[in-house]
Structure formats: structure tokens, C-alpha cells
Amino acid sequence: MTRDTGRQYWLAAITGFVFILLYGPIFVPIASSFFMLKQGVVDWQQPTASAYVTLVSNEGILIALRNTLMVGAAAVICSLVLGIAAALYVNGGRSRGRQVLQFIIFLPFLMPPIITGLSLLIYFREIEFDRSLVTVIIGHTVFVLALVYRTLLVRLQSLSRSLVEASYDLGASSWQTFRYVLLPNLTSAMIGAGILAFALSFDETMITLLVTGTDNTLPIRLWAMMRLGFTPDINALVALILAFTTLLCLLAARYLMPRSE
């Protein structure tokens, strides 16, 4: 065995160890959700899917899921509209105003979620705006906007300026240039960014906890259930959330991955 081969084996072993260390705990609730729980101990001798049946028949879980999907869809739409507008503005040139705009967009995403959530909570209280799903949508839009904006800006910057110039030379208006030239080239980036934004919104807990009213989303419902102790239905809910967000990330990677010419 050569020295390079030995290094590759050691690197593979270390990578595998880190992977198990980081992601191994994720598989524990997934595996335990398919077994009975007796006196707080998982009975690995009795496989069952009763926890998933319990979730389907739980009206509170279904309502929380509906709220989560509504909030995620609304946050994606709002962030896409704002992200496209901001990306087009920043891509149009360089000025101090554009730099300030980027700072404002990235700040809520880079700050700890508890700070972003507290800031929004104080703001809503000062303007006397009652907390509801609307405030949750606003909070999620502020949080995921940076991701959507950056994804669209990178795609815009990768496009040749000659496409836009040729469109104007042929007599197209700004709206026609956007609709027939820029928008088709941004479609895959918009889909990928929207999926990632929905995944972030689907899992967001801290900001939601601070700005929500009486309507709970799925992560808040899960948080409330865990306060009473871990049960198989909690493990099943965790497994479903992990599976769904993983699927969303894979779909987003498919649309955001550079295509070979």
C-alpha cells in the first residue's frame, strides 16, 4: 500500500467518523419511532407503525401542518418578489445605496434567530400589530429573504450583459426584457431558492415562537409536545419533518446545481 493510498484510507475513516458523530443522533428518533415505548424505554422487540397512525388522526397536528404550509408558501412568494426586485436593482450598478440594501437584507439572516425574533416582536408591539399568522409570515420572509436574494443575484451576475443589450436594441421595453429574457434564465434559480426558503420556513422555531399568536405551526406544536415528555408520536413527527426537509434540500440542489453545457 502506497503512502497516498494510506492517506486516502485515513481521510475516508476520519470523514466517516465525523459523519457518524454529526448525523448519527438524527437516526435515533427515526428508528425508535417504529417501536413501542414502555416506561420510557424503547422496546426494540415490538416493531409498530402506530405512532404514525396517531399523528394522522391528531387534529391538532393537522391544523399545525396546514398553518406551516400556508406560512411557508406565503413566505416563499413574498421573498421571491422582494428578492427579484432587490437583485435586479443591485445588479444594475454600484452605489452606496445598493450596499446599504444588501446589509439590510443579510442582517436578519446573519443575526441569531432569537435577536431577529425579539426585534420583530418589539416592532409589532410598538405599532400595535396583533400577533398572528401574518406576523409569522413577515418574520419568515425577513429571515429567508437573504437566501433567495443571494441565489437570484448570483444567477443574474452569471448572465451575459449582451442578452439585455440586444433586447433593448431590438426595441423591447424594460418589462418585456424582464419577461422574455431575464425571467426564463432565472426560473431554475427561483425554483431552487423557493424550495430552500420553504425548507427554512418549515423548520423555523425561534422566530415563530416569538411572533406567533394563538395559531401554532408544526415546529411550535412539536416544541409543546416535547415539554410533556418524549413519546413515539414525537419521534414519528421528528422523522417526518427530517424526511420532508431532506427531500426539499435534494430538490433544491437539483435546480441550483450548474448544468453542463
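**Exercise 1. State where V53 lies, classify its exposure, and compare its separation from D233 in sequence and in space.**

Solution. V53 belongs to helix α2, which covers residues 50-56. The structure is a predicted model. The next step is exposure: the relative accessible area of V53 is 57%. Because the exposed class begins over 50%, V53 is exposed. The last step concerns D233: V53 and D233 are 180 residues apart in sequence, and their C-alpha atoms are 8.8 Å apart in space.

**Exercise 2. Determine whether the end-to-end distance of helix α8 agrees with that of a straight helix, and locate its bend.**

Solution. Begin with the length: α8 runs over residues 174-203 and has 30 residues. At 1.5 Å a residue, a straight helix would reach 44 Å. The end C-alpha atoms of α8 are only 38 Å apart, short of that value. Next, examine the axis: α8 bends by about 55 degrees at L183. A proline, P184, follows within four residues.

**Exercise 3. Carry out the check of span and bend for helix α6.**

Solution. Helix α6 comprises residues 133-158, 26 residues in all. At 1.5 Å a residue it should span 38 Å. Its end C-alpha atoms are 37 Å apart, which agrees with the expected span. The axis nevertheless has a bend, of about 40 degrees at V144.

**Exercise 4. Describe how α8 packs against α3 and against α11.**

Solution. Take α3 (residues 59-91) as one partner: α3 and α8 pack at an angle of about 140 degrees, with their axes 9 Å apart. The relation of α3 to α8 is therefore oblique. As to handedness, the crossing in which α3 passes α8 is right-handed.

Now take α11 (residues 232-256): α8 and α11 pack at an angle of about 160 degrees, and their axes are 8 Å apart. Because angles over 145 degrees count as roughly antiparallel, α8 and α11 are roughly antiparallel to each other. The crossing of α8 and α11 is left-handed.

**Exercise 5. For V134 and A31, give the helix, the exposure class and the distance to a partner residue.**

Solution. V134 is placed in helix α6. Its relative accessible area is 43%, so V134 is partly exposed. V134 and V71 are 63 residues apart along the chain, and a distance of 8.1 Å separates their C-alpha atoms.

A31 lies in helix α1, which covers residues 3-32. With a relative accessible area of 32%, A31 is also partly exposed. The partner here is T151: A31 and T151 are 120 residues apart along the chain, and their C-alpha atoms are separated by 35 Å.

**Exercise 6. Identify what is notable about the backbone of E128, and give its location and exposure.**

Solution. The phi angle of E128 is near 60 degrees, a positive value in a residue other than glycine. E128 is found in the loop between α5 (113-126) and α6. Its relative accessible area of 71% makes E128 exposed.

**Exercise 7. How many disulfides does the structure hold, and how accessible are C78 and C249?**

Solution. The count of disulfides is zero. C78 has a relative accessible area of 34% and is partly exposed. C249, at 40% relative accessibility, also counts as partly exposed.

Notes: Residues numbered from 1 in each chain as written. Predicted model: local features only at pLDDT ≥ 70, side-chain atom pairs only at ≥ 80, totals over all residues. Heavy atoms only, no water. Helix = DSSP H or I, 4+ residues; strand = E, 2+ residues; numbered from the N terminus. Expected span 1.5 Å × (residues − 1). Bend = angle between axes of the 7 residues up to and from the residue. Disulfide = S-S within 2.5 Å. Buried < 20%, exposed > 50% of the residue type's maximum accessible area, 1.4 Å probe, protein only. Axes fitted to C-alpha atoms, helices over the stretch in contact; angles between N-to-C directions. Parallel < 35°, antiparallel > 145°, perpendicular 65-115°, else oblique. Left-handed = near helix turned anticlockwise from the far one by under 90°.
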